[in-house]
Amino acid sequence: MINTLTDPPADSTAANALKVDLPSAKYSIFKRIWATYKNTPFKFKLGLAIIVFFVLLSVIGPFVAPYNPNANITSSAGVNLAPSATHLLGTDSTGEDVLSQVLIGTGPTILLGLITGVIATSFSVIVGLLAGYYGGIADEIISLFTNVFLVIPALPLLIVLVAFIQGGNITMALVLSVLGWPWGARVIRAQTMSLRNQDFVAAAKETGESSLRIMLVEILPKLVSIIASSFIFTVLYAIAASVGLMYLGLGDVNSITLGGMLFNASNQSAFILNEYWWYLPPGLIIAVFGMGLVLLNYGLDEIGNPRLRDASKRQKIGKRNIRPSDPTPVLALLNRQVGLFGRISKLPFEEEAGKNKSKKHSLYGRA
Amino acid sequence: MRFILRRLWFYVVAAFVAITINFIIPRLMPGNPLEAYLGKNQGSAVLTHSALCAIAEQLNTTYQHCGHKQPGIFVQYWDYLVNLAHLNLGVSATYDTTVAHEIALTLPWTAALVGFSTILAFALGTLIGIVAAWRRGGATDGSLPALSFFQGIPYFFLALLLQEIFTVHWHFLPSTGGDSTSVVVGMNWPFIASALEHSILPAATLVLASMAGWSVGMRNVMLTTISEEYVLAAQAKGLSTRRVVWTYAARNAILPNIAGFANALGLAVSGVLIMELVFSYPGIGNTLYQAVTGEDYPLLQGIFLVISLSVLAANFIADGVYVILDPRTRRRAAD
Amino acid sequence: MKRLFSPKKSENLLLDLSGSSGPDLDKPVLSVEDFSIVYRSAHGDVKAVDHVSLELARSEVLGLAGESGSGKSTLAYGACRLLRSPALITGGKVTYAGRRAPREGIDITSLNAHELRQLRWKEISIVFQSAMNSLNPVITVGAQLDDAIKAHMPLDKHDRHERAGTLMDLAGIPRQRLRSYPHELSGGMRQRVMIAMALAADPDIVIMDEPTTALDVVVQREILTQIIEIKEQLGFAIIFITHDLSLLLELSDRIAIMYGGKLLEIAPTKNLQHKAAHPYTEGLLASFPSLTGPKKALAGIPGSPPDLRSLPPGCPFFPRCRHAGAACRSVDMLLKNVSKTLEEVHLSACPFHPGPGADKRWRAPDMIEDVIRIGGGEKTQSDPGYIDSLETLEKGSI
Ligand SMILES: Nc1ncnc2c1ncn2[C@@H]1O[C@H](COP(=O)(O)OP(=O)(O)O)[C@@H](O)[C@H]1O
Ligand code: SF4
Ligand SMILES: [Mg+2]
């Protein structure tokens, strides 16, 4: 307890008022990392973990693949084998080891998505920044163009383009990029427009910074989360589209990719013959990787929007979820509601649940 | 009203761009459509020179032995527009019917499937989002991350899985086709019942795959809407919880979702086109695939055009709904 | 008092005005006793309202003033149980005794959600700070007004519309504005709509949370005049919240001053203005130029509002008070009547202030022995009891 009589008197007021809470300085770096980790949304962590896992898998994959998937037809007896100790994921209709194909094929599939993501997003950033920053007639035209591309369905165009521009995975990535940029450009343009009108841009103009410098140094860093989210969606779109096109037999189906595996599996009736070891691994990898991307994006949303992050948190008081519609809880009532075995039996606002509507009584009838 | 007119103008431009792309693409393609056509119909008939030239004209292409010269590109473009205006999409190289007829046969199947499934997915997803947000931290909310699995999965793979489970394994539902072969196409009950039965799996695929996106979108907007002061004000007014949730929170939170309809519809259409192949569904996606493998340019062009215009029309409707639901757009013509 | 807005149809008023069950008209319409509210947080609880006691008389305008962040809104919304998580009411009682209430009043802290819905708006309504944000932007103001009427009055559609029109008249808005959307109205018009809305169910108490802060001075004045006019007609009581003490001096019957979640002073307006009995109030009064007198220097109050997560024991104003002494850190924050007359009550929480009408000569707080004796040090720390009981709750055993 503070000894009031020996404490310094009045003149300590200023010092007291200035005392600032500096929790960060008190903790070690590990504690701070731990705190950061704890404060990161679960979705973000899960998504990142999934993505890191598959990226690692595709890097290490080719080195640990047990068989050479290009050494065609190991033996005619080894065709369509169910999983076993020698072939952990069985073999396909040409006797090739499915596990090896998966380990080697994941890389190119993800890479194609990433390449498309980088190309298309760079384009979105350039177009979005320029249109949003300069505005005017150029912006009108560009945004009309992006909006038009946004509403014209991409896939028929993709099918036509990929079917006739024959080429490998790089070609496919280029074609996908051509059709993949409008969405990102649109959101980046909108955000740039709102940033352009803010004080810090005006201040930078005052000091005579060049437009290019303002765009790159002042505005671009503030677009990071939007760019990240647009990149994530582009990668997701590119993987789904490339796999879909390959399933149609378009593109380089003979290269070892997950899409090519699915094409061959379905072509060789793996689905009808229920050769799950053949079609499930590539499909599930695509689905789970896609899920990772989606989760990562939701996590980014929460990080970028503190209001959403706060609102997303479970609101609990005394072990009880509190909903937005609930009246402010009263401690005395919480206490009273603790029943046998220490369980909170019922909170006052729960009566609302409406089980016994007939027992509704008037507020005023309690007199 | 001004907003609608502005949007209408935008859609006219978009349609024009789609029509132009449709004109340009085949002309950028390697190979000669006439040769493709002839290759397809080899041996079926020996064509006279004049018949050949007629087909060449039909296909908007040159044939070296024909007397007439290829008209200039702008004349071609004008002819193309005139033909379009007469709903003349040319003759299919593979099916020996007009493109318009082929599309008229297949488009209703796809349109019905996509229309129904997208609206169902939107309704279900939005509902889940509302519940998840209002009971944040509850079971519904907790299961949303798991739903994102369906967002990452390619449509056709989900279709293959459902087909595997429900038809190959359990013989529960018909696996392929649009109706059973024993019924007569038309407005009769056996046909409709059969068509419905055959569309359960394709529709389920679409709904499952697109619902998750709507749910999470709705949940996030709803969470931020709930913390708006007008929701608190509605509670302060002593309105019932139901009224607060629907009229004051969900009513407003649904707007961004409707604005995002364009994007979602494009994805759904793309997904459906591939998925139809899995179910051998007699829709336009299957025909598109046939056209691609058969290098059937007129059909390809026609299908691309019709799909683009349908999506534009659907988006225009969604815009209209948005205007009805958000009075603010009626004054300041938003972007 | 003649009430303009007694319901037309046979509304089931549970108040029998002739009998004995009605409330005691001399008793306050709302009394807050020892009320405490915290916002739970991982970094310590924010004690936004700390042991506050307050009474609101019938038809009275009570001003609630204090810097922003002092807990005014928390107190008002908390009394209606409108605060969202992580708010928790940790103690105290709020008794409502309006016209329709039973004689002994209703303890709002013991009501469930269903009962609260009947109480809200019909008994206590609120005019929120920003009318733009408190009106749903995509629904017409008429529909929103109708929602409020419908929830509390058994009127048919036509009568509801008629009532909405009367309310618009009362608040000084043309009736055809009922069909407008909020964005089609000016700021002042929107706030008038909110005032009409607040009167929709004929409440006994209207809480006004900075209703004019967002408006320009001219509109502000018009609206305040209108509020007072309507109040004279209908006779409801007002809790008027603002950080602008000068406004309250013209408007309210009594003024309560809040600081750091605590009440520092409550007095009739005249007393507070001329015989303030708390250094914080004196600081507030000195920080605005008087409209009539010569322009004073904006003396203001140095320093910044306290961190409500870890208030030091004793007087919360201690760090910024120019009269502070060591003993201030151990005083009890009890409001004591310092009034010199019997009929007036003037409460102040500063035990060292020489008092209203005194010669205003301060003695250093350290030297006042009896005060040092009062502040034993132990009792001053605000009651941590709720933390224990919460922990017990969270551990799940008792
Ligand atoms: N949701 C909340 N969570 C945590 N602290 C809050 C919350 N809302 C308000 N506070 C804190 O409670 C205190 C009182 O806030 P408020 O009642 O809004 O003050 P006033 O209305 O006087 O400006 C402030 O210090 C504020 O920081
Ligand atoms: S108790 Fe002390 S610090 Fe508080 S107001 Fe009075 S003199 Fe100032
Ligand atoms: Mg406030």
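This report walks through a predicted model, taking in a surface patch, a sheet and a chain interface.

## A greasy stretch on chain A

Start with the surface of chain A, where L48(A), V52(A), V55(A), L56(A), V59(A), I60(A), F63(A) and V64(A) make up a nonpolar patch. Together they offer about 730 Å² of accessible area. One of these residues, V59(A), sits in helix 4 of chain A, which covers residues 42-64.

## The sheet in chain C

Over in chain C there's an open sheet of 4 strands, paired antiparallel and ordered 2-1-4-5. Strand 2 (46-56) and strand 5 (106-107) of chain C are at the edges with a single partner strand each, so each has one side without a neighbour in the sheet.

Strand 1 (residues 30-39) and strand 4 (residues 87-96) of chain C run antiparallel and are joined by 8 bridges. Within that pairing, I37(C) faces I89(C) of strand 4. Helix 1 of chain C (residues 72-79) packs on the sheet, where it touches strand 1, strand 2 and strand 4. The direction of helix 1 makes about 115 degrees with that of strand 1 of chain C.

## Where chains A and B meet

Now for the interface: 59 residues of chain A are in contact with 60 residues of chain B. About 5400 Å² is buried between chain A and chain B, and carbon and sulfur atoms account for 71% of that area. On the chain A side, V151(A), F164(A) and P324(A) contribute 13% of the area buried against chain B, more than any other three residues.

And how many salt bridges are there between chain A and chain B? The count is 0.

How values were computed:
Residues numbered from 1 in each chain as written. Chains lettered and ligands numbered in written order. Predicted model: local features only at pLDDT ≥ 70, side-chain atom pairs only at ≥ 80, totals over all residues. Heavy atoms only, no water. Patch = residues over 30% accessible without salt bridge, like charges linked within 9 Å, V, L, I, M, F, W, Y side chains within 5 Å. Areas by Shrake-Rupley, 256 points an atom, 1.4 Å probe, with all protein chains shown as cover. Salt bridge = Lys/Arg side-chain N within 4 Å of Asp/Glu carboxyl O. Helix = DSSP H or I, 4+ residues; strand = E, 2+ residues; numbered from the N terminus. Pairing = 2+ DSSP bridges. Contact = heavy atoms within 4.5 Å. Axes fitted to C-alpha atoms, helices over the stretch in contact; angles between N-to-C directions. Buried area = accessible area lost by both parts, 1.4 Å probe.
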